[in-house]
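Hi everyone, thanks for making time. I'd like to walk you through how two chains pack together, so have a look at the screen.

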Amino acid sequence: MPNLGPHAIFILAAYGVTFIAVAALALAIVEDGRKQRRLLAELERKGIRRRSASAPAKPDATRAAKPTRKRRP
Amino acid sequence: MVSLANPTRFLGLVDRVVPLLTALTLILLGVGLYLAFFVAPPDYQQGETVRIMFVHVPAAWLAMFGYMLIATAALGTLIWRHPLADVAAKTAAPIGATFCFIALVTGSLWGKPMWGTYWVWDARLTSVLVLFLLYLGLIALWQAIEEPGRAGRAAAILALVGAINIPIIKFSVNWWNTLHQPASIIRLGGPTIDPSMLWPLLVMAIAFTLLFVLLHLLAMRAEILRRRVRALQLTQVERAALVEA
């Protein structure tokens, strides 16, 4: 660390405030993400799922819906 | 790009991008701090205090970038009514507000030893304070209205009205006689700052921008999950009401 001169306290305070503000923001965002994942998992455990998550698999349905060409007798 | 407008695909992308972006951000922040403290020389007028610039300037840029992102997303909310646009705007507000706060505080900490005061009601400083208040107003508006769609539309209108402040911030140093110095990097005649200080500043600016993007992606992921939780909770209430009926 270089000698920061007579105004070192201002320089260190500026970097300190920046670090604390960014760290607090990052922690809040990460913790919020964890909380939402936990809540979502709890709801899914109770059997409450999104419609798209509980829909039947599509490939078979599309195959079944495809009309088959019949040969002429 | 269109496929990313689907929240589920967007979540998949975020899961893949976040580890790489985290590593890149930490490396660039480390390099930027090394350049700022050990490579950049002291300024011939400001002395060592110039080192505050390496956090103050990127924070001020990102405060404006964050608001422009919100204003652009507000168009997406109002014109296309896309839910991801509202998610992007809502989650950018606290991040932009934090960088705006950092710009104001570090600017004050630079002002005291250089100008002899922490604060003056100068056009640049005042317009940045107005930007911070706009951020707080937007956050309060999103919190005040419970239904996300209505909250998003109301906030989008306020965001677009407030966007007029961005050119005022940028050109305040040209339009008025301010104590704050005029533009020394983004200007027509090229940067007036010496390369020995410009490079550390640019590295820090890129690192801060990556940090903004990383935090924004994480916050967007959390907000999408919050909306899913809300939708499922409403489904749960509806089912309970049907059973009772």
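Before the interface, one convention: two residues are in contact if their C-beta atoms, placed from the backbone, lie within 7 Å. Please also keep in mind that this is a predicted model, where local features need pLDDT of at least 70, side-chain atom pairs count only at pLDDT 80 or more, and totals for chains, interfaces and linings use all residues. Residues are numbered from 1 along each chain as its sequence is written, and chains are lettered from A and ligands numbered from 1 in the order in which they are written.

Let's start with chain A. It has 3 helices and 0 strands; these are DSSP runs numbered from the N terminus, H or I of at least four residues for helices and E of at least two for strands. Of the 73 residues in chain A, 12% are buried, that is, with 20 or more other C-beta atoms within 10 Å of their own, again placed from the backbone.

So how many residues does each chain bring to the contact? Chain A gives 27 and chain B gives 32. On the chain A side, 19 are nonpolar, 5 polar and 3 charged. Here Ala, Val, Leu, Ile, Met, Phe, Trp, Tyr, Cys and Pro count as nonpolar, Asp, Glu, Lys and Arg as charged, and the others, Gly among them, as polar.

Now zoom in on helix 1 of chain A, residues 8–45, and helix 3 of chain B, residues 83–115: their axes come within 9 Å and cross at roughly 170 degrees. Axes are lines fitted to C-alpha atoms, for helices over the stretch in contact, with angles from 0 to 180 degrees between N-to-C directions. The two helices are therefore roughly antiparallel, the label for angles over 145 degrees. Among the residues that meet are Phe10(A) and Leu25(A) from helix 1 of chain A, and Phe101(B) and Trp110(B) from helix 3 of chain B. By class, this contact has 15 nonpolar, 3 polar and 1 charged residues.

Finally, the largest nonpolar core: 67 residues, of which Ala63(B), Ile70(B) and Ala89(B) touch the most other members. Such a core is a set of buried Ala, Val, Leu, Ile, Met, Phe, Trp, Tyr and Cys residues joined through C-beta atoms within 7 Å. Helix 7 of chain B supplies the largest share, 17 residues. Leaving aside neighbours within four places in sequence, Ile70(B) is in contact with Ala89(B), Ala92(B), Ala93(B), Gly96(B), Leu138(B) and Ala159(B).

Definitions and conventions
Parallel < 35°, antiparallel > 145°, perpendicular 65-115°, else oblique.
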